Amino acid sequence: MSVFVEREKCVGCGGCTEVCPGNLLFLREGKAQIRDVRDCWGCTACVKECPKNAIFYYLAADLGGAGGRLYAEDTPSTLNWVMKWPDGSEERILVDKKKANEY
Ligand code: SF4
Ligand code: SF4
């Protein structure tokens, strides 16, 4: 499992580079890049932080198999987790930010 940066979506805001607990992400030529995907332990902090949905997380085989991906859409009131499955379908989990501690 690892994260992947879609360079065409990245606007180089640097948000992901500031939240990675392993300091794995950095900017090169205005785009985020991961140093070594093998060092990523999948905390998803960078996925949640990205305002452009430019980072997604590969889902493990038991969660969707090769090609499955997870990204987050941040809104003022909710954090929406979007799972894109290999067949093109998607599922969404909406987290109410005001009730986040209750989950
Ligand atoms: S998922 Fe976590 S460990 Fe992996 S690159 Fe993103 S912030 Fe760093
Ligand atoms: S948070 Fe998203 S848009 Fe900002 S640098 Fe990282 S990948 Fe690019």
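**Lys 84 and its network**

I started with Lys 84, which comes out partly exposed at a relative accessible area of 28%. This is a predicted model, so I kept in mind that side-chain atom pairs count only at pLDDT 80 or more. The side chain of Lys 84 meets that of Glu 90 in a salt bridge, 3.1 Å from N to O. I checked the partner too: Glu 90 is partly exposed, with a relative accessible area of 34%.

Next I followed the charges outward. Which residues are linked with Lys 84 in a network of salt bridges? I found Glu 73, Glu 90 and Arg 92 in it. Arg 92 forms a salt bridge with Glu 73, and their closest N and O atoms are 2.8 Å apart. That pair links distant parts of the chain, since Arg 92 sits in strand S7 (residues 90-96) and Glu 73 in strand S5 (residues 69-74), 19 residues apart. I noted Arg 92 as partly exposed, with a relative accessible area of 42%.

**Other salt bridges**

I then searched the whole structure and got six salt bridges. One of them joins Lys 9 to Glu 6, with the closest N and O atoms 3.3 Å apart. Are the two ends of this pair buried or exposed? Lys 9 counts as partly exposed at 38% relative accessibility. Glu 6 is buried, because its relative accessible area of 15% falls under 20%.

**Gly 67**

I came back to Lys 84 from another side, by way of Gly 67. Gly 67 is in the loop between S4 and S5, and at 41% relative accessibility it counts as partly exposed. Leaving aside neighbours within four places in sequence, I found Gly 67 in contact with Lys 84 and Pro 86. I also looked up its separation from Gly 30: the two are 37 residues apart along the chain, and their C-alpha atoms are separated by 27 Å.

**Ligand 2**

For ligand 2, I listed the shell. Among the surrounding residues are Cys 10, Cys 13, Cys 16 and Cys 50, along with Val 11, Leu 27, Pro 51 and Ile 55. Gly 12, Gly 14, Ala 32 and Ala 54 surround ligand 2 as well. How many of the shell residues are charged? I got no charged residues, against 10 nonpolar and two polar.

**Ligand 1**

Ligand 1 has 13 residues around it, and Cys 20, Cys 40, Cys 43, Thr 44 and Cys 46 come nearest. I sorted this shell into 11 nonpolar residues, two polar and no charged.

**Thr 17**

I looked at Thr 17 next, in helix H1 (residues 15-19). Its side chain reaches the backbone oxygen of Gly 14 at 2.6 Å, and Gly 14 is one of the residues around ligand 2. Not counting residues up to four places away in sequence, Thr 17 touches Asn 23, Leu 25, Phe 26 and Leu 27.

**Two asparagines with positive phi**

Asn 23, touched by Thr 17, has a positive phi of about 55° although it is not a glycine. I flagged this because most residues other than glycine have a negative phi. Asn 23 lies in the loop between H1 and strand S2 (25-28), and it is partly exposed, with a relative accessible area of 46%. Asn 53 also has a positive phi of about 55° and is not a glycine. I placed Asn 53 in the loop between H2 and S4.

**The nonpolar core**

Then I turned to the largest nonpolar core, which has 27 residues. Those with the most contacts inside it are Val 3, Leu 25, Cys 46, Val 47, Ile 55 and Trp 81. The elements giving two or more residues to this core are strand S1 (3-5), strand S3 (31-34), helix H2 (45-49), strand S4 (55-58), S5 and strand S6 (78-84). Which element gives the most to this core? I found S6 giving the most, with four residues.

I took Ile 55 as a closer look. Leaving aside neighbours within four places in sequence, Ile 55 is in contact with Val 3, Phe 4, Val 5, Cys 16, Cys 46, Val 47, Cys 50, Leu 70 and Tyr 71. Ile 55 is also among the residues around ligand 2, as are its contacts Cys 16 and Cys 50.

**Ser 2**

Last, I checked Ser 2, in the segment before S1. Ser 2 is buried, with a relative accessible area of 8%. Not counting residues up to four places away in sequence, Ser 2 touches Val 37, Cys 40, Phe 56, Tyr 57 and Tyr 58. Of these contacts, Cys 40 also appears in the list of residues nearest ligand 1.

Note on methods
Residues numbered from 1 in each chain as written. Chains lettered and ligands numbered in written order. Predicted model: local features only at pLDDT ≥ 70, side-chain atom pairs only at ≥ 80, totals over all residues. Heavy atoms only, no water. Near = heavy atom within 4 Å. Nonpolar A, V, L, I, M, F, W, Y, C, P; charged D, E, K, R; others polar. Salt bridge = Lys/Arg side-chain N within 4 Å of Asp/Glu carboxyl O. Buried < 20%, exposed > 50% of the residue type's maximum accessible area, 1.4 Å probe, protein only. Polar contact = N/O pair within 3.5 Å; in protein donor to acceptor, adjacent residues only side chain to side chain. Contact = heavy atoms within 4.5 Å. Core = buried A, V, L, I, M, F, W, Y, C linked by side-chain atoms within 4.5 Å.
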